[in-house]
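Let's take a walk through this model together, starting from the whole chain and ending at a single pair of side chains. Have a look at it first.

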Amino acid sequence: MDSFWEEVRVRNVEAELMRAFDPDLLTFTNVNTPYEWEKALVLLSQG
């Protein structure tokens, strides 16, 4: 799983910088279960 890191460009972005664009830090929300998927759909519908 880690073998590709040397081949991609990665940038660490601090949470405070992200808050300027995404105050609730929802940009990188994980969606791994049906329940999380439903929550994500609700968020998307709210625009």
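How much area does the protein chain expose, and what percentage of it do carbon and sulfur atoms supply? The exposed area comes to about 4,900 Å², and carbon and sulfur atoms supply 56% of it. Keep in mind that this is a predicted model. Of the 47 residues in the protein chain, 6% count as buried. The secondary structure consists of two helices and zero strands, and the C-alpha trace spans about 35 × 30 × 15 Å along its principal axes.

Now for the charges. The protein chain carries 4 positive and 9 negative charges, and the mean positions of these two sets are 6 Å apart. Side chains of opposite charge can pair when their charged atoms come close. A search of the whole structure turns up one salt bridge, so let's go and find its partners.

One of them is Glu 16, which sits in helix α1, residues 15-19. Its C-alpha atom is 28 Å from that of Met 1, a residue 15 positions away along the chain. The other partner is Arg 19: the closest N and O atoms of the Arg 19 and Glu 16 salt bridge are 3.2 Å apart, which fits the 4 Å cut-off for such a bridge. The two side chains also make a polar contact, at 3.2 Å.

How are the partners placed in the helix? Arg 19 and Glu 16 are three residues apart in helix α1, so about one helical turn separates them. As for their surroundings, Glu 16 is exposed, with 59% relative accessibility, while Arg 19 is partly exposed at 35%.

Definitions and conventions. Residues numbered from 1 in each chain as written. Predicted model: local features only at pLDDT ≥ 70, side-chain atom pairs only at ≥ 80, totals over all residues. Heavy atoms only, no water. Helix = DSSP H or I, 4+ residues; strand = E, 2+ residues; numbered from the N terminus. Buried < 20%, exposed > 50% of the residue type's maximum accessible area, 1.4 Å probe, protein only. Areas by Shrake-Rupley, 256 points an atom, 1.4 Å probe, with all protein chains shown as cover. Lys, Arg positive; Asp, Glu negative; His and termini not counted. Charge placed at Lys NZ, Arg CZ, Asp CG, Glu CD. Polar contact = N/O pair within 3.5 Å; in protein donor to acceptor, adjacent residues only side chain to side chain. Salt bridge = Lys/Arg side-chain N within 4 Å of Asp/Glu carboxyl O.
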